Amino acid sequence: MATAGKVIRCRAAVAWAPGKPLSVEEVEVAPPKAGEVRIKIVATGICHTDDHILKGSLPNVEFPVIPGHEGAGIVESIGQGVTSVKPGDKVIPLCLPQCGECSFCQNPESNCCQKSHFSEPQNLLPDKTSRFSCKGKQIHHFLWVSTFAEYTVVPEYAVAKIDAAAPLDKVCLFGCGFSTGYGAAINTAKVKPGSTCAVFGLGGVGLSVVMGCKAAGASRIIAVDINSDKFAKAKELGATDCVNPRDFKKPIQEVLTEMTRQGVDYSFEAIGHVDTMIAALASCNMNTGVCVMVGVLDSEISIDPVLLLTGRTWKGTMLGGWKTRECIPKLVSSYLERKFNSDLLITHTLPFAKVNEGFELLHAGKSIRTVLLF
Ligand code: COD
Ligand code: ZN
């Protein structure tokens, strides 16, 4: 490849400081070092988590930074010792790696690789340097993936090789939103056939939970959102009932408990607010209910312990519980076999230069997923 071993100058969206819109800049992307892969990003989705970065509400993010974590691309070049991918391969960069060696990776029940940001920051690559610079300044990586860049450099164990037939402008969603939501239902909650589910928040992540509940055979799926415009899509994807908490005077947990007599079997929170986390927990069956929190809070939460004392299970999920390098390619294959239609989550496709327009659509509640194309 003509570019291998050389610095590449290309476009990227840089967040220079919290509270400022993204700025599309020309950046330099250094070649991959040993154990790293340089990827030409072809498409990237906009997830609400990227918006949390711009607002400065995610902990452990360092500015200036190139956000984006829902991308798909093609390997441009590889560093020394890389064996699992080669230039030309289609790949998805993984914001949750799978090193395959740590005790979590070796545990069949776990997907929380110890190389993830819970153990070490992913603002710089593992050798503690950045491959990005702009106007003479070092730019930070985000969760190692930084998909709002035309080229990005990622450790090999955070790259999943996918089927060469995969359409990158569609399967980019598997880097976060679809995998997180779908897996929260299938892997984390382990939704059983015939069960009743409630999903709080009908963004790209919550609607993927709806799809997961449906695929697992749930017989009733109650979709909850304060934006009723989301209900048509929720029904199309499998919701049987749609509820807007603003249509009721009483708390939504009481509404759901009345609708289902004893509360739902599984509830999911895909918003990231304290009140909806507590409402989701209180909405599931007091004894056998399972509540999965998918959203992340920027504050602490306090609950009445009786909510758990009676037997409820309260869980979290990381990227839907998938062992990423191993399972994301399988999910892509299932997509190619048309086992589900995640394309329905994509409401807008924009050229990369319009990245800030994509965020405006998210703020206005008009988009589910906007996919940016380079
Ligand atoms: N009650 C009901 N619905 C609400 C409420 C409320 N009080 N407030 C907002 N909503 C709805 C909105 O109308 C919207 O439809 C939906 O909730 C949220 O959707 P989006 O499109 O804004 O968000 P998503 O689906 O892209 O992302 C949601 C997350 C919860 C994943 C995200 O915000 C988050 O918390 N991210 C951090 C967690 C994380 O790291 N997850 C894995 C990688 S992203
Ligand atoms: Zn995300």
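**Ligand contacts, a lysine in strand 5 and a helix pair**

In this predicted model, an N or O atom in the side chain of Arg369 sits 2.9 Å from an oxygen atom of ligand 1. Two further side chains offer polar atoms to the ligand. For His48, a polar side-chain atom is placed 2.4 Å from an oxygen atom of ligand 1, while for Lys230 the distance from a side-chain N or O atom to an oxygen atom of ligand 1 is 3.1 Å. Altogether 24 residues surround ligand 1, and those that come nearest are His48, Thr49, Asp225, Val296 and Arg369.

Attention now turns to Lys90, a residue of strand 5 (residues 90-93). A polar atom of the Lys90 side chain is found 2.8 Å from the backbone oxygen of Ala166, and the backbone oxygen of Ala164 is 2.9 Å from a polar atom of that side chain. Beyond its neighbours within four places in sequence, Lys90 also touches other residues, including Gly73, Ile74, Asp163 and Leu168. Between Lys90 and Ile368, the C-alpha to C-alpha separation is 25 Å, with their positions 278 residues apart in sequence.

Helix 4 (residues 177-189) and helix 5 (residues 204-215) form a packed pair, their axes coming within 7 Å and crossing at roughly 40°. Helix 4 is therefore oblique to helix 5, and the crossing is right-handed. Among the residues making this contact are Phe178, Tyr182 and Ile186 on helix 4, together with Val205, Met211 and Cys213 on helix 5. In composition, the contact of helix 4 with helix 5 comprises 10 nonpolar and 6 polar residues, with no charged ones.

Methods
Residues are numbered from 1 along each chain as its sequence is written. Chains are lettered from A and ligands numbered from 1 in the order in which they are written. This is a predicted model: local features need pLDDT of at least 70, side-chain atom pairs count only at pLDDT 80 or more; totals for chains, interfaces and linings use all residues. Side-chain values use heavy atoms; hydrogens and water are left out. Axes are lines fitted to C-alpha atoms, for helices over the stretch in contact, and angles run from 0 to 180 degrees between N-to-C directions. Helices (H or I, at least four residues) and strands (E, at least two) are DSSP runs, numbered from the N terminus. Angles under 35 degrees count as roughly parallel, over 145 as roughly antiparallel, 65 to 115 as roughly perpendicular and the rest as oblique. A crossing is left-handed if the near helix is turned anticlockwise from the far one by less than a right angle, and right-handed if clockwise. Contact means heavy atoms within 4.5 Å. Ala, Val, Leu, Ile, Met, Phe, Trp, Tyr, Cys and Pro count as nonpolar, Asp, Glu, Lys and Arg as charged, and the others, Gly among them, as polar. A residue is near a molecule or strand if one of its heavy atoms lies within 4 Å of it. A polar contact is a pair of N or O atoms within 3.5 Å; within protein, one must be able to donate a hydrogen and the other to accept it, and residues adjacent in sequence count only if both atoms are side-chain atoms.
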